[in-house]
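Dear colleague,

I am passing on to you the structure that follows, together with my notes on it. Please read the notes with the coordinates open beside them.

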Amino acid sequence: MPTFRAPRGTRDLLPDERAALGRLMRLGADLAARYGYRPIETPLFEQAAVFERGVGEVTDIVEKELFRLAPRTEEAEAWALRPEPTAGIVRAYVQHGMQTLPQPVKLTTTGPMFRYDRPQAGRYRQFWQFDVEAIGDPGPAVDAEIVELGLRFYAEAGVSGVEVLLNSVGDPACRPAYTALLAAYYRGLAGLLPAAELDRLERNVLRLLDSKDPAMAALNAAAPRITDHLCEACAAHFASVRAHLDALGIAYRVEPGLVRGLDYYTRTAFEFYVSGREGQQQALGGGGRYDGLVELLGGRPTPAIGFGIGLDRTALALAEQGGAAPDDAAPVAVVVGADADDTVARLRVATLLRAAGLRARADLARRKLGRQLEAAGRDGAHFAVILGDGLADGQVQLRDLQAGTQRQVALDDLARELARAEASHRHG
Ligand code: AMP
């Protein structure tokens, strides 16, 4: 047993896994740019109050899962690692007066999030999210655009069978009457409720609808549905979101139990699942409208919507479905030499190729040419550049390790020749 291990609920992303994650991060950044979102970075930790207010005090994320940092005596402030990016981004939007910019302000970020969750498959204490936020747009068209962006992410990542669950959670005009109705329903069933849910019933009854307790499934299925109790404005907004999705040819399922349980969420709420996995706490991503959040964090009332896509779970789903083509990390060429001791020459030629933008490895072991060539083959390199007697005249041998052919090339032409050969190999 090694003495030290990665903390429980975290994992090292070894190069293959890191490459898979990197591919998803690049895809997210590229897609967000295509849709007009600009990158932003906020700190990995914030004042705990940003999350307590911004995520909601009566949520699992804040009640149980917030990674609080032990306070330092010289600071009165309580800090916590970010469990999700929206609260920090909205804090930055308010702090930097982004209300004065042309609206909406469309922001994106990708990075690690931290939740002190019970670790299990697909549930980690440090995980990655690709996140977009459109702040200052009341929708409903942007709601549909954001759902479509999420689905495009999975499609371009190569995950198949991703479904959208969609709902409207109303707004401060219609939700109070609905939550009163819901509370009355559950109070009538108080004898059947697990203790933790009884406690929540009085503090934030919506949370019962997304309870993880299996005992709640049947009770929740028979509960009053928010979609039957929306006010006129929310009902019209929801109908228009659906009409926009229909017009884009996007299939979705209305799921009245999807409430995402946070006070500041308004109207549109959605989650992405691989079909057949709904309700197993295995959402690949989720988001919604949060028209109340900017004001809650000290800004002017500002409508907004966003989503967070879990990249770890997306990578897991991809791997389960057979995976995407691995990133090609093999060098294009390995520089080997007949003079085992002349590491200077090999390093110099490899440096030249790297400066020209090529992936090159120099064999720096002082071993026979034959052994160097064997190692180049094991590396998956397409070419070996062999330094021998011709080097004094500026000539090297270029061997195609896959075809088994070899020819002489002037050192001055080497980078160009290799780039051309590599390009024709890739496209051929
Ligand atoms: P949430 O804000 O809880 O809806 O999270 C958004 C997405 O992040 C989820 O749909 C998951 O894909 C992912 N996610 C949330 N929590 C975790 C976790 N503990 N481990 C891995 N992925 C997570």
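The notes below take up the ligand site, then one sheet with its helices, and finally some backbone features.

This is a predicted model, in which local features need pLDDT of at least 70 and side-chain atom pairs count only at pLDDT 80 or more, while totals for chains, interfaces and linings use all residues. Residues are numbered from 1 along each chain as its sequence is written, and side-chain values use heavy atoms, with hydrogens and water left out.

The ligand is surrounded by 14 residues (a heavy atom within 4 Å), of which the closest are Arg115, Tyr124, Gln129, Arg260 and Ala283. This shell divides into four nonpolar, five polar and five charged residues, where Ala, Val, Leu, Ile, Met, Phe, Trp, Tyr, Cys and Pro count as nonpolar, Asp, Glu, Lys and Arg as charged, and the others, Gly among them, as polar. Strand 6 (126-135) and strand 11 (304-310) each supply at least two residues of the shell; helices (H or I, at least four residues) and strands (E, at least two) are DSSP runs numbered from the N terminus. Among the polar contacts (N or O pairs within 3.5 Å), an oxygen atom of the ligand lies 3.0 Å from a side-chain N or O atom of Gln129, and there are backbone contacts at 3.2 Å with Leu284 and at 3.1 Å with Gly285. Taken alone the ligand exposes 480 Å², and the protein buries 89% of that (Shrake-Rupley, 1.4 Å probe).

Further along the chain there is an open sheet of five strands, in the order 13-12-14-15-16 and with mixed pairing, pairing being taken as at least two DSSP bridges between two strands. Its edges are strand 13 (360-362) and strand 16 (405-410). Strand 15 (395-400) runs antiparallel to strand 16 and is joined to it by six bridges, with Arg399 partnered by Gln406. Helix 13 (369-378) packs on the sheet, touching strands 12, 13, 14 and 15, and its direction makes about 175° with that of strand 12; contact means heavy atoms within 4.5 Å, and angles run from 0 to 180 degrees between N-to-C directions of axes fitted to C-alpha atoms, for helices over the stretch in contact.

As for the backbone, most residues other than glycine have a negative phi, and most peptide bonds are trans. The bond joining Gln103 and Pro104 is cis, with omega about 0°, as is that from Gly139 to Pro140, with omega near 5°. Arg267 has a positive phi near 55°.

With best regards

Terms used:
Polar contact = N/O pair within 3.5 Å; in protein donor to acceptor, adjacent residues only side chain to side chain.
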